Amino acid sequence: MNSESEALLRNHGLRVTAIRLSVLNALNRRSFALSQSELEVDLGGSCDRVTLYRTLNTLCEHGLLHRIMDEKGTSRYAPCRDDCGATDWHFHTHLHFFCQHCQETRCLNETEIAIPALKDGFEIHNVQFSASGICGLCKAKDQNPQT
Ligand SMILES: [Zn+2]
Ligand SMILES: [Zn+2]
Ligand SMILES: [Zn+2]
């Protein structure tokens, strides 16, 4: 996994550092988005808060991660697609799904939502589509409680 994350950093013109690798690995291991404080726990307190904050910002700015505001107003981070890059405005049009049961926020990458064309010079710099309910994993558990 390290080599994948290393390649990702190099492809985006970023220096490979231990903290950047740890953050990318932690997020790529999971199918849901993590908040900064969850990442801190995941990394075992191996880096200080300011460094982690800066790392997350750098990775977002360069199109390796994107930020999601969850239902409780907490910023969460999820990996980007391969074709994301450093652009002036970096946002995603897939749906973010908050599960009220497991409380996880997931990127539904296959659900791209079309942005309507805006008139009169209006220009979108950020957009976020979110929905909440019960995720497929929790639903499957509900239906087969033994498994
Ligand atoms: Zn992206
Ligand atoms: Zn769930
Ligand atoms: Zn997403």
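**Exposed loops, sheet order and nonpolar core of a predicted model**

With 4 C-beta neighbours inside 10 Å, a count that does not pass the limit of 12 for exposed residues, Asp-120 is classed as exposed. The residue is placed in the loop between β5 and β6 (129–133), and its phi is positive, at about 55°, although Asp-120 is not a glycine. Most residues other than glycine have a negative phi. A positive phi, of about 70°, is also found at Gln-103, again not a glycine. Gln-103 belongs to the loop between β4 (94–99) and β5 (105–112). Because Gln-103 has 13 C-beta neighbours inside 10 Å, it counts as partly exposed.

The model is predicted. Mean pLDDT over the protein chain is 91, with 98% of the residues reaching 70 or more. Among the elements of the chain, the lowest mean pLDDT (90) belongs to helix α1 (residues 2–11) and the highest (97) to strand β1 (residues 34–35). The protein chain comprises five helices and six strands, arranged along the sequence in the pattern α-α-β-α-α-β-β-β-β-β-α. Along the principal axes, its C-alpha atoms fill a box of roughly 50 × 45 × 25 Å. Of the 147 residues, 21% count as buried. Among contacts in the chain with a separation of 6 or more, 54% are accounted for by residues 24 or more positions apart.

Three strands form an open sheet in the order β1-β3-β2, with antiparallel pairing. Strands β1 and β2 are the edge strands, each pairing on one side only. The antiparallel pairing of β1 with β3 extends over two bridges, and Leu-34 stands opposite Tyr-77 of β3. Not counting residues up to four places away in sequence, Tyr-77 touches Leu-27, Ala-33, Leu-34, Leu-56, Leu-65 and Arg-67.

Tyr-77 is also part of the largest nonpolar core, which has 16 residues. Together with Leu-27, Leu-64, Leu-65 and Ala-78, Tyr-77 is among the residues with the most contacts inside this core. Two or more core residues are given by each of α1, α2 (18–28), α4 (49–61), β2 (65–69) and β3 (75–79). The most come from α2, which gives three residues.

Helix α4 was examined in further detail. At 1.5 Å a residue, its 13 residues should span 18 Å, and the end C-alpha atoms are 18 Å apart, so the expected and modelled spans agree. Thr-55, Leu-56 and Leu-59 are the buried residues cited for α4. Viewed down the helix axis, the buried residues of α4 fall within an arc of 100° and therefore line one face of the helix. These buried residues pack against α2, α3 (36–42), β2 and β3. The face of α4 turned away from the buried side carries Val-50, Tyr-53, Arg-54 and Asn-57, which are exposed. Just after α4, Gly-63 takes a positive phi of about 80°.

Definitions and conventions
Residues numbered from 1 in each chain as written. Chains lettered and ligands numbered in written order. Predicted model: local features only at pLDDT ≥ 70, side-chain atom pairs only at ≥ 80, totals over all residues. pLDDT = per-residue confidence, 0-100. Helix = DSSP H or I, 4+ residues; strand = E, 2+ residues; numbered from the N terminus. Core = buried A, V, L, I, M, F, W, Y, C linked by C-beta atoms within 7 Å. Buried ≥ 20, exposed ≤ 12 C-beta atoms within 10 Å, placed from the backbone. Contact = placed C-beta atoms within 7 Å. Expected span 1.5 Å × (residues − 1). Arc of directions from axis to C-beta. Pairing = 2+ DSSP bridges.
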